[in-house]
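Q: Please take a close look at the salt bridges of this structure, and at how their partners are placed. A connected account would be welcome, with a word on cysteine pairing and helix packing as context.

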Amino acid sequence: MSWYNNDNWYKPNYTQSASSASNIQRPEAKLPGGRRTRIIALILCAALLLGGIIYAIFETDWDIASENEDGMPKSYQTYFEDFYSSASSTPANVKLEKLQNRGSLSLKIGSGSAGKLSFNEIFENCSPSVVGIKSFDGKGDDSYSWGSGIIVSADGYILTNTHVIDEGTRATVQLYDGSTYDAKLVGADSQSDVAILKIEKTGLQPAVFASSKDIRVGDAVCAIGNPLSPDYSLTMTSGIISATSREVSYNGAVMNLLQTDTSINEGNSGGPLFNDRGQVIGITNMKIVSSFSNIEGIGFAIPSDTLSSIVDALMADGAVYGRSTIGVTVGPISEDIADYYDIPVGLYVSEVLKNSDAQKQGIKKGDIIIKVNGKDAHTTADIAEEKAKLDIGDTISFTVWRSGSTFDVDVKIMDSVDIYNAK
């Protein structure tokens, strides 16, 4: 199972134009030289063909040999590479032109007593607040990634995911009426996957937000976004809240996200998740995909209360300071998998961030953390709870298993800005 499969979800592939080859005229192939040369050439071709067949047979055998008879990878590292593959191994590299004066912005919070709306009414009332975002990679107008965003002020502030604009050199915003505007960057935070853009346009319809603290499992929700391409702009899907605080390890930190069975796909990133009153309770940012089976209905959104605090920090300082991080991304190892591969139950390290003290102290991708501050580490919460007791600059102790041996290591807790903004 993988979070954010790179090719299919987390970071949209750039759309590239390609020239057609259907009208190319190819000359008739002829063997060079005389009869003897042609015979030698035919022998060489036959030898190459036979070699290719033998190689293909052995290549197939080698591929099969990398798996056990039950189809499971022989190596537990290979298994977890698929199970916990991360689409963002490093902080985002946002290259958009930055707005010199960030201005002021706060999210518009609606009343909890607002009346319920039908899905038809939500779409009619709220879709003008949803935008499409093209993030160009500098290779031409046909080479861009595609995502969604939310209008959060009448004078052109747009909320989206940081990964939507990752590596983009410029971005445009497409409004409800089809008009497009160049966007500048106000601020972006890799760790929370929240970014703010600004376009020069007034008279826009901002979305209304509601606090996410009162959301309950089973609440009806819907999403409006732009899945796959501009051809499917303003697609609406509906579902329920499946979980209100799902912990997901991402970019060296644990995100607490809303889980929903509402259908979200590549291109929905940065779009709104509405409650049944047409108020935004989160922005969609990820889903689970699997290398082993089909998975449906497990999508996630950043809660509105989290968005509010990140927006306040970005508007005030241009970055989110005072947020502690260790710089490792981990995922739990089940007892079944531990028994299968004869490895300890613990937390598999799927990523170690550059510039983190964890990297400096020698923790590596593929390690298994079995204890944190002397206590068993079986879930991501075990680390989060110990980290919450400490301040930036304090150290946290890990017992790490690697290749049949264990060792202890002390890692300094860092301000995330020192990791994510380091050059």
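A: A salt bridge is here a side-chain nitrogen of Lys or Arg within 4 Å of a carboxyl oxygen of Asp or Glu. The model under discussion is predicted, and 12 such salt bridges are found in it.

One of them joins the side chains of Arg170 and Asp141, with an N to O distance of 2.8 Å. Arg170 belongs to strand E5 (residues 170-174), whereas Asp141 sits in the loop between strand E2 (130-136) and strand E3 (144-151), so the pair ties together parts that are 29 residues apart in sequence. Arg170 is partly exposed, at 35% relative accessibility. Its partner Asp141 is exposed, at 56%.

Another salt bridge pairs Glu200 with Lys198, whose closest N and O atoms are 3.9 Å apart. That distance satisfies the criterion because the cut-off is 4 Å. The two partners fall into opposite classes of accessibility: Glu200 counts as exposed at 64%, while Lys198 counts as buried at 10%.

Arg277 and Asp276 provide a further case, their side chains meeting at 3.0 Å, N to O. Arg277 has a relative accessible area of 27% and is therefore partly exposed. Asp276, at 18%, is buried, because buried means under 20% relative accessible area. This pair does not stand alone, since Lys116, Asp276 and Arg277 are linked in a network of salt bridges. In general terms, side chains of opposite charge can pair when their charged atoms come close.

Cysteine pairing is a separate matter: a search of the whole structure finds 0 disulfides. The sulfur of Cys126 has its closest cysteine sulfur in Cys222, at 7.4 Å, which is too far for a bond; the cut-off for a disulfide is 2.5 Å. Cys222 is likewise in no disulfide, the sulfur of Cys126 being the nearest cysteine sulfur to its own. Both residues count as buried, Cys126 with a relative accessible area of 8% and Cys222 at 0% relative accessibility.

Burial also marks helix H2 (residues 76-83), in which Tyr76, Tyr79, Phe80 and Phe83 are buried. These four residues cover an arc of only 90° around the axis, and therefore lie on the same side of H2. As a rule, an α-helix has 3.6 residues a turn, so residues three or four places apart point the same way.

Methods
Residues are numbered from 1 along each chain as its sequence is written. This is a predicted model: local features need pLDDT of at least 70, side-chain atom pairs count only at pLDDT 80 or more; totals for chains, interfaces and linings use all residues. Side-chain values use heavy atoms; hydrogens and water are left out. Helices (H or I, at least four residues) and strands (E, at least two) are DSSP runs, numbered from the N terminus. Buried means under 20% relative accessible area, exposed over 50%, partly exposed in between (1.4 Å probe, protein chains only). The arc is that of the directions from the helix axis to the C-beta atoms.
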